[in-house]
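Work through the exercises below with the sequence and the model open. Each task sentence is followed by a solution in steps.

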Amino acid sequence: MRESDDITVCRGVGEKTAQTLRKMGIETVGDLLRHIPVRYDTFGEIVSVEEAESGQICAIRGEFLSAPQNLRTGKLVRTIVSFGDGTGTVRLTWFRMPYLKNMLHRGDRRIVRGKLMRSRYGITMEQPKLFTEEEYAARQKTLQPVYAMTGTLSAKIFSKILRGALDSLEPRPEFLPESLRVRYDLVEWKTAIERIHFPRDEKEMLTARRRLVFDEFLFFLLGIRRWKEQREERHNLYDFSRHSWEEQLRAGLGYELTGAQKRVWQEIREDLEGPTLMNRLIQGDVGSGKTVLAQLALTAAAENGLQGAIMAPTEVLAAQHYASFTELYARCGLPVRCVLLTGSLKASERRQAYVAIENHEADIVIGTHALIQEKVVYDNLALVVTDEQHRFGVHQREELAAKGQEPHILVMSATPSPRTLAIILYGDLDISLVDEMPVGRRPIKNCVVDTTFRPKAYEFLRKQVEAGHQAYVICPLVETSEEMEAENVLDYAEKLRASLPGLQIETLHGRMRPREKNARMEAFQAGDIQILVSTTVVEVGVNVPNATVMMIENAERFGLAQLHQLRGRVGRGQAQSYCIFIDASGDAEQNRRLQILGKSNDGFEIAAEDLKLRGPGDLFGIRQSGNLEFTIGDIYNDAQTLKEASEACDWILKQDLDLTSKEFGPLAREITQRRALEPGQVNL
Ligand code: ADP
Ligand code: MG
């Protein structure tokens, strides 16, 4: 079979299994092979109860000290038993497994493995796995891949399907030239794919992973650098010489631009009025005021009779930009016509928007990916802006640019990547830094606390609301889940309403329809909602300056960059703002990580500290959400591989810019195939 074959050609995949696989995004044999483990379970040395660390997965050898008991609360049955090894006693609990009661007996010896917790209530372990001495010894030698799965498919069956696919895959030529593989010590692709799924030991897994990460970075870099070559030295086709509206807009802002904003705006203006096209990245921490720079540039386009577009990664953010742009234009008395284009518009509204864009009845088009749909035809698109660029694929930026005849490009990102990495990742762009916060902002006050702090936190929320402010509470889940123990938006909002009667508390999450989401967000913006209990849908860009508290439940479940983004939703106005990180893990390591945020409000500093703490060995730690979304590689942990891929990319393009020679033929084919596969990236 081939990679492009439908998944149903695999042995053991009937229509039912195929459906489950499709839900996981697996349509073809190639998708199956590229569905690599999210992590590996390793079975470590057995420890005593005394030595076992709280919050860590561990294995303990001992015996049952009591007969198991089944306890009922409502519909839920728990089985509990006491287990010990002479150095201490652990209470084991299983949910919905009442039959265990008859299988386990007092005095039986086993090895139990699970996450051990120490608390006021003693030492506990939930849902432990049980092993005999022999079973455990056999497991200890292996790495067990763990896959992101949905539905009823078991890991065992998934592995079987994979094995079958790997064994009957048609051989195909290796696509990286031999010389490159030797220079960077990379295994063949086929070997890498095989070993990432079925590693015999950690070393095999790591070499496999390195090859796949290298590929991922290389393809990305080849993409942006070839594009850069094509665009470089393109002539600026547009006349941006009129700029009287700029003064009017700046006068209406109600604040003075910061020094950094002025400098960056100057750089943008020089690009727009210069002889060649602009390709510029604005990097600036959350809240540094990037939006107004985009609006200034777009206003310049409008004044000169040209069109501009700004693409945001979420509907919520697009709607917010639309509202703030139109409000400011009205206030300044500028005749700039904006139109909003998102996926949730009614068909008739969308048609209207298309007509307005094509007939140039709209100067500025604000929206989501809907901007790059085929049906959108611009009249003379001279400037495209992508906000929160790291949330988009590079191709989406290109697609938007392709809507115009060589438009100027401005991309904005709050990703705090160290400069050396930024130069590699955004090598196709000139970089401007907004490295100054607006004056009058007070630094956000932070605290990292455990769940016992909640009553005090709620009291604090009430006081802030009574003072006329608003608050966000973030939960990792939308509703209860069997897979993950963490707070969920729906139950939490109920709980909070009970604790804080009389306050307007509403929810926001990704399962709501876009229209509902927008309506909720507007109500929050208007102050009709006082506390918004939300998932991370508010992570990027949302701007409600009256909100002064950000409270994050299960903070231990998020990456630091993501937490920093979330925190950036407050501290946007004059009032003192607060961020409360609730750490429910009871784990010292997690707490140290969160303390970094407690101590600093600077995104760049946080990124550097985070890297130091995790060390480059932590390959499957919490992913740095908020960075360019690579599926396997992580720009921080795999920084060395990224540098190597960058070097390799330069070398390849120097040999053969168009990749037409025999040596690079297989590589060129692979690129074409992968591009065809590229999924639409963000969908919140
Ligand atoms: P980000 O860089 O995160 O996109 P925004 O552009 O959303 O930040 O700006 C955050 C807030 O700061 C907005 O309310 C904006 O109006 C305000 N702001 C921007 N520049 C200044 C400034 N120079 N002085 C005061 N407030 C500003
Ligand atoms: Mg922004």
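**Exercise 1.** Which residue stands opposite arginine 91 in β8?

Solution. Arginine 91 stands opposite threonine 124. The two strands concerned are β6 and β8 (residues 122–126), which run parallel and are joined by three bridges. Helices (H or I, at least four residues) and strands (E, at least two) are DSSP runs numbered from the N terminus, and two strands pair if DSSP finds at least two bridges between them.

Before going on, note the basis: this is a predicted model, in which local features need pLDDT of at least 70, side-chain atom pairs count only at pLDDT 80 or more, and totals for chains, interfaces and linings use all residues. Residues are numbered from 1 along each chain as its sequence is written, chains are lettered from A and ligands numbered from 1 in the order in which they are written, and side-chain values use heavy atoms, with hydrogens and water left out.

**Exercise 2.** Describe the pairing of β5 with β6.

Solution. Step one: β5 (residues 76–84) and β6 (residues 89–95) are antiparallel, with seven bridges. Step two: valine 81 of β5 faces leucine 92 in β6. Step three: the two strands make a hairpin with four residues between them, and glycine 86 in the turn has a positive phi of about 95°.

**Exercise 3.** Give the strand order of the seven-stranded sheet and locate its edges.

Solution. The order in this open sheet is β13-β14-β12-β15-β16-β11-β17, with parallel pairing. β13 and β17 (430–434) each have a single partner strand, so one side of each lacks a neighbour in the sheet. On average, neighbouring strands are turned by 20° against each other, direction ignored.

Now take the edge strands in turn. β13 (residues 338–341) pairs with β14 (residues 364–367) over four parallel bridges, and leucine 340 has isoleucine 366 as its bridge partner. Cys338 and Leu340 point one way from β13, Val339 and Leu341 the other, and all are buried (under 20% relative accessible area, 1.4 Å probe, protein chains only). β17 is joined to β11 (residues 279–284) by five bridges, and these strands run parallel; leucine 281 is partnered by isoleucine 431.

Last, add the helices. α10 (residues 259–273) lies across β11, β16 (408–413) and β17, at about 155° to β17. α13 (residues 347–358) lies across β12 (307–311), β13 and β14, at about 135° to β13. Angles run from 0 to 180 degrees between N-to-C directions, with axes fitted to C-alpha atoms, for helices over the stretch in contact; contact means heavy atoms within 4.5 Å.

**Exercise 4.** Is threonine 548 buried or exposed?

Solution. Threonine 548 belongs to strand β22. Its relative accessibility is 1%, so threonine 548 counts as buried. Its side chain makes a polar contact (a pair of N or O atoms within 3.5 Å; within protein, one must be able to donate a hydrogen and the other to accept it, and residues adjacent in sequence count only if both atoms are side-chain atoms) with the side chain of glutamine 464, at 2.8 Å. Leaving aside residues up to four places away in sequence, threonine 548 touches several others, including His469, Val570 and Tyr578.

**Exercise 5.** Place β22 in its sheet.

Solution. β22 lies between β23 and β19 in the open, parallel six-stranded order β18-β23-β22-β19-β21-β20. The edge strands are β18 (445–449) and β20 (505–508).

Terms used: Buried < 20%, exposed > 50% of the residue type's maximum accessible area, 1.4 Å probe, protein only.
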